Protein chains: 2
Amino acid sequence: MTTKTASRNQIRLDRRQVLTTALEVVDREGLEALSMRRLGAELSVDPMTIYHYAGGKERLLDGVAELLWEEVALPGVSRDPIEALRNLARSLRDLFRRHPEAAPLILRCSRLIHPQLELYRAYLDALDKSELGAREPASVLRSVLSFALGYGYAEISMLGVQCGPLDSRTLSQRELLLYLGQALPSNLPRRLAEAAMVMIADCDSDQCFEDGLDLMLAGLATSTDTGRTA
Amino acid sequence: MTTKTASRNQIRLDRRQVLTTALEVVDREGLEALSMRRLGAELSVDPMTIYHYAGGKERLLDGVAELLWEEVALPGVSRDPIEALRNLARSLRDLFRRHPEAAPLILRCSRLIHPQLELYRAYLDALDKSELGAREPASVLRSVLSFALGYGYAEISMLGVQCGPLDSRTLSQRELLLYLGQALPSNLPRRLAEAAMVMIADCDSDQCFEDGLDLMLAGLATSTDTGRTA
DNA sequence: CGATTTTATTCTACGCTGTAGATTTATAGT
DNA sequence: ACTATAAATCTACAGCGTAGAATAAAATCG
């Protein structure tokens, strides 16, 4: 009699349940697979019932985006704003890696996702309290968010969708390179295939991310005159 | 008797014509409005005819993505790699601002868009030739691309889609702020509305972009002689 | 308790989508 | 002119989101 996530018992639904199930479907079978009919079947319920809990398709996707943004780490208690931003960027990148199929939903910044705004608010407050030289907190935050979003999205796009269900964490970069060598279409001109390999598999993706992040944050640190080694 | 883009004469189509028309439709009426039937009508042709020039819907969108990536500036002749990267980032951001409705297509990095790979190749070559300290060219390039992609996408998402056809370049930030104050839903908690305003309209978006870019590129310039830190 | 109002769920149907497959029309080659 | 190849069209099908009517369940009240 456990309330398992699939194969509903007659316990009444709630919005949250609908959204988490939708996210499960997306994670498991891809964003395209999520239709009202499919989700209704997953919940053992008529498709139209979903409208009562989550609105139409558009609002359903907004709801899933909320779930996703809730997973991003809040600033925490540390006083160091730079470490806070570093954790934010890592958390955002990890979000993409946990939910590669849902990536387009994370980018759905147009709809004023509440948890996303809460996140902004929290980091803006954290940055306001700390000394950051002459820089606007919003400017710094937007830059870090942009980098993390762009990196996370591009990374999973390159790995996951192109090559199928690949997880960069389960493959050495050597294996990745070999696999990619076969996966690239043979009619691709050599110089382009080379470029693809260099960008995708040649450099350690974790290292690239940390390096890029350091680039921004180091610049930030030097501009505060706090003088940490840069 | 001019070869205008709409209302075709009987001159035979080619792939390019189909793709540019598709992009026009997206720019004008949004990505959702682009259907095979709609595009067929635009070209005064049966929807199925498109399959002969551009393949199915998926390959059509890939083709539009090609057009978009072709618009991004190549390195140019300058020897300075940092200025080259700065121009790349600006060019990429401008691409989003020129084609806000097509933004999801620009991010479609999964499909090995040829012009995109050409771009990578060109910048990798440019970075290889120049001295960049111990940093991998691919790592640097990925960081700059990530930032520009993330910033460009987030920017147009915040402005364009939420508030309708707004162009940030035609509005002062003061006007933007006022407009946004009305546009935000009234049931939004005050602290979240504040966060949204600060992130969207409070800071000059051009300035934010340039600042973030400087952050990365400055770090790059200083690291050309210092090597690495951990 | 029964009666009535509210809420939740389902059913049916409409117009839209992408596209496979057969068919027709136009072009090129000899 | 006749054929082989290419281009364009027609028809049809399964799936989509969802408006609106119809039904079932739950809550409210006298």
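Two residues are in contact if their C-beta atoms, placed from the backbone, lie within 7 Å. That cut-off sets the interface discussed below. The model itself is predicted.

## How the two chains meet

Chain B puts 46 residues in contact with 48 residues of chain A. Four helices of chain B each give two or more residues to the side that touches chain A: α7 (114-129), α8 (137-163), α10 (190-202) and α11 (205-226). The most comes from α8(B), with 16 residues. By class, this side of chain B has 27 nonpolar, eleven polar and eight charged residues.

Of the interface residues of chain B, 100% are also interface residues in chain A, so the copies meet through the same surface.

Two copies of a chain are related by a rotation about an axis and a shift along it. Here the rotation that superposes chain B on chain A is 180°, and the shift along its axis is 0.0 Å. The RMSD is 0.0 Å. The two copies are thus related as by a two-fold rotation axis.

One residue on the chain B side can be followed across the interface. D211(B) sits in helix α11 of chain B. It has 19 C-beta neighbours inside 10 Å and therefore counts as partly exposed. Setting aside neighbours within four places in sequence, D211(B) is in contact with R135(A), S139(A) and S143(A).

## Two helix pairs

Two packed helices are described by the angle between their axes and the distance between the axes. The table gives one pair between the chains and one pair within chain B.

| Helix pair | Axis angle | Axis distance |
|---|---|---|
| α10(A) and α7(B) | about 75° | 9 Å |
| α4(B) and α7(B) | roughly 30° | within 7 Å |

Take the pair between the chains. Helix α10 of chain A covers residues 190-202, and its axis lies at about 75° to that of α7(B). Angles of 65 to 115 degrees count as roughly perpendicular, and α10(A) and α7(B) are therefore roughly perpendicular to each other. On the α10(A) side, the contact is made by R191(A), L192(A), A195(A), A196(A), V198(A) and M199(A). On the α7(B) side, H114(B), L117(B), E118(B), Y120(B), R121(B) and L124(B) take part. By class, this contact has eight nonpolar, one polar and three charged residues.

Now the pair within chain B. The axes of α4(B) and α7(B) cross at roughly 30°. That makes α4(B) roughly parallel to α7(B). Helix α4(B) contributes E66(B), W69(B) and E70(B) to the contact. Helix α7(B) contributes H114(B), P115(B), Q116(B) and L119(B). The residues of this contact divide into three nonpolar, two polar and two charged.

H114(B) belongs to both contacts: it faces α10(A) in one and α4(B) in the other.

## The DNA strands

Start with DNA strand C. It is surrounded by 16 residues. The closest are D46(A), M48(A), S35(B), G56(B) and K57(B). In chain B, α2 (36-42) and α4 (57-70) each supply at least two residues of the surface near this strand. The largest share, three residues, comes from α2(B). By class, the surface near strand C divides into six nonpolar, four polar and six charged residues.

DNA strand D also has 16 residues around it. S35(A), G56(A), K57(A), D46(B) and M48(B) come nearest. Three helices each supply at least two residues of the surface near strand D: α2 (36-42) and α4 (57-70) of chain A, together with α3 (49-54) of chain B. Again, the most comes from an α2 helix: α2(A) gives three residues. The classes near strand D are six nonpolar, four polar and six charged.

## Chain A as a whole

Chain A has eleven helices and zero strands. Buried residues make up 42% of its 230 residues. Among contacts in chain A with a separation of 6 or more, 65% join residues 24 or more positions apart.

K129(A) lies in helix α7 (residues 114-129) of chain A. With 12 other C-beta atoms within 10 Å, K129(A) is exposed. The C-alpha atoms of K129(A) and L19(A) are separated by 35 Å, and the two residues are 110 residues apart along the chain.

Definitions and conventions
Residues numbered from 1 in each chain as written. Chains lettered and ligands numbered in written order. Predicted model: local features only at pLDDT ≥ 70, side-chain atom pairs only at ≥ 80, totals over all residues. Near = placed C-beta within 6 Å. Nonpolar A, V, L, I, M, F, W, Y, C, P; charged D, E, K, R; others polar. Least-squares fit on C-alpha atoms with pLDDT ≥ 70 in both. Axes fitted to C-alpha atoms, helices over the stretch in contact; angles between N-to-C directions. Parallel < 35°, antiparallel > 145°, perpendicular 65-115°, else oblique. Buried ≥ 20, exposed ≤ 12 C-beta atoms within 10 Å, placed from the backbone.
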